[in-house]
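Let's get to know this structure one question at a time. Keep the model in view as you read.

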Amino acid sequence: MSTAVIEAPEREREPRVSPPALLFAPDRAMAAQARSGRVVWFFLFAWTCSILLGAALAYRVDARSATLKKLEQSGQLATMSERQIADETRGGERLAQVTSIAKGVVGVPLQLGLGCLSLLALSWFLQGRLKGSAVAPVASAALLPGALADLIDALSAYRHAVIPPDGVPLGPRTLTAIAGVLGRPLAGPWAKLGEAFDLYSLWSAILLSFGLAAAASLPKKRAVVGTLVAWLCFRLLTRVAAGG
């Protein structure tokens with residue numbers, strides 16, 4: 001009596017998507033990322049870079065100059081002892097350190113959540129058919145440009161001897177910062193407008209747009225144009241109109 005051997009069908013291999021492909025060829029790679037379901041590694045990389053930046057800022061913070069300026073403006077400096085000034089300085093530094101580390105810990109999870117919400121809103125507005133399983137993978141891949149920016153800023157922060165609580169310019173991200181590095185600083189309203197154009201944020205929006213096209217079955221042109229218009233309106237509203 002012969003026995004029939006039933007072979008289980010081979011599982012379809014998940015597409016492998018490399019970070020360089022996502023960053024530099026999103027028109028092809030984001031479609032594979034939307035199908036892959038991978039979230040954790042991109043999220044952990046972005047989260048690690050964000051925490052490193054927060055830790056570098058906390059490690060280099062020095063609040064003495066800022067404390068002396070604040071006490072002088074309030075008229076308290078002449079009546080305070082060196083010990084009181086030192087206590088005020090340590091308090092300012094602790095506050096800045098806690099704030100920097102908290103921003104590093106909370107920032108990336110918040111960005112991932114906002115990315116998911118953006119995909120849902122854009123898909124509805126552009127009349128797409130969004131696949132729920134593709135939302136988090138696309139949003140996590142869109143974190144990569146910001147993660148690179150945080151890593152560059154962390155290295156730049158570590159190279160500073162001291163950093164005041166208000167911060168110092170680190171890696172150039174905006175058109176205003178890049179123009180300053182090139183020796184052609186923007187002035188007046190042009191400087192404020194240039195602050196709205198964060199190139200890493202724009203890079204993330206481009207990744208998100210191609211991911212939206214794949215995840216919501218939208219034409220690439222409609223997804224890219226719709227996402228970039230939404231990004232531009234959001235940046236102008238939060239950075240220029242609101243004075244951010």
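Q: How many disulfides are counted here?
A: The model is predicted: local features need pLDDT of at least 70, side-chain atom pairs count only at pLDDT 80 or more, and totals for chains, interfaces and linings use all residues. Residues are numbered from 1 along each chain as its sequence is written, and side-chain values use heavy atoms, with hydrogens and water left out. A disulfide is a pair of cysteine sulfur atoms within 2.5 Å, and by this rule the count comes to zero.

Q: Which cysteine has the sulfur closest to that of Cys 116?
A: Cys 116 is buried, at 18% relative accessible area (buried means under 20%, exposed over 50%, partly exposed in between, with a 1.4 Å probe and protein chains only). Its closest cysteine sulfur is 19 Å away, which is too far for a bond, and belongs to Cys 49.

Q: Is Cys 233 buried, partly exposed or exposed?
A: Let's check the accessibility. Cys 233 has a value of 49%, so it counts as partly exposed.

Q: Which element gives the most residues to the lining of the second largest pocket?
A: A pocket is an open set of points on a 1 Å grid over the protein atoms alone, where a 1.4 Å probe fits and protein lies on both sides within 12 Å along at least five of seven lines; lining residues have an atom within 4 Å of a point. Among those lining the second largest one are Ala 63, Lys 69, Glu 88 and Asp 166. Two helices, α4 (64-74) and α5 (82-125), each give two or more residues to that lining (helices are DSSP runs of H or I with at least four residues, numbered from the N terminus). With five residues, the element that gives the most is α4.

Q: How much space lies in the second largest pocket?
A: A volume here is the space filled by probe spheres set on the grid points, which are joined across faces, edges and corners. For the second largest pocket, the space is about 220 Å³.

Q: Where is Ala 63, and how far in space is it from Gly 91?
A: Ala 63, one of the residues lining that pocket, sits in the loop between α3 (40-60) and α4. Ala 63 is buried, with a relative accessible area of 1%. Gly 91 is 28 residues away in sequence, yet the C-alpha to C-alpha distance between Ala 63 and Gly 91 is 8.7 Å.

Q: What span does helix α10 reach from its first C-alpha to its last?
A: Helix α10 covers residues 199-215, which makes 17 residues. The expected span of a helix is 1.5 Å times one less than its number of residues. That gives 24 Å for α10, and the model is close to it, reaching 24 Å.

Q: Which residue caps the N-terminal end of α10?
A: Look just ahead of the helix, whose buried residues include Tyr 200, Leu 207 and Phe 210. A side-chain oxygen lies 2.9 Å from the backbone nitrogen of Tyr 200, and the capping residue that supplies this oxygen is Asp 198.

Q: Which residue with a positive phi follows α10?
A: Most residues other than glycine have a negative phi. The residue in question lies in the loop between α10 and α11 (220-241) and counts as partly exposed, at 41% relative accessibility. With a phi near 55°, it is Ser 217.

Q: What is the phi of Gln 127?
A: Gln 127 belongs to the loop between α5 and α6 (132-141). Gln 127 is exposed, with a relative accessible area of 69%. Its phi is positive, in a residue other than glycine, and lies near 60°.

Q: Which side chain makes a polar contact with the side chain of Asp 150?
A: Asp 150 is found in helix α7 (residues 144-159) and is buried, at 11% relative accessible area. A polar contact is a pair of N or O atoms within 3.5 Å, where within protein one must be able to donate a hydrogen and the other to accept it, and residues adjacent in sequence count only if both atoms are side-chain atoms. At 2.8 Å, the partner of Asp 150 is Arg 173.

Q: How far apart in space are Leu 57 and Leu 155?
A: Leu 57 is in helix α3 and counts as partly exposed, at 22% relative accessibility. Leu 155 is in helix α7 and counts as exposed, at 55%. These two are 98 residues apart in sequence, while their C-alpha atoms are separated by 10 Å.
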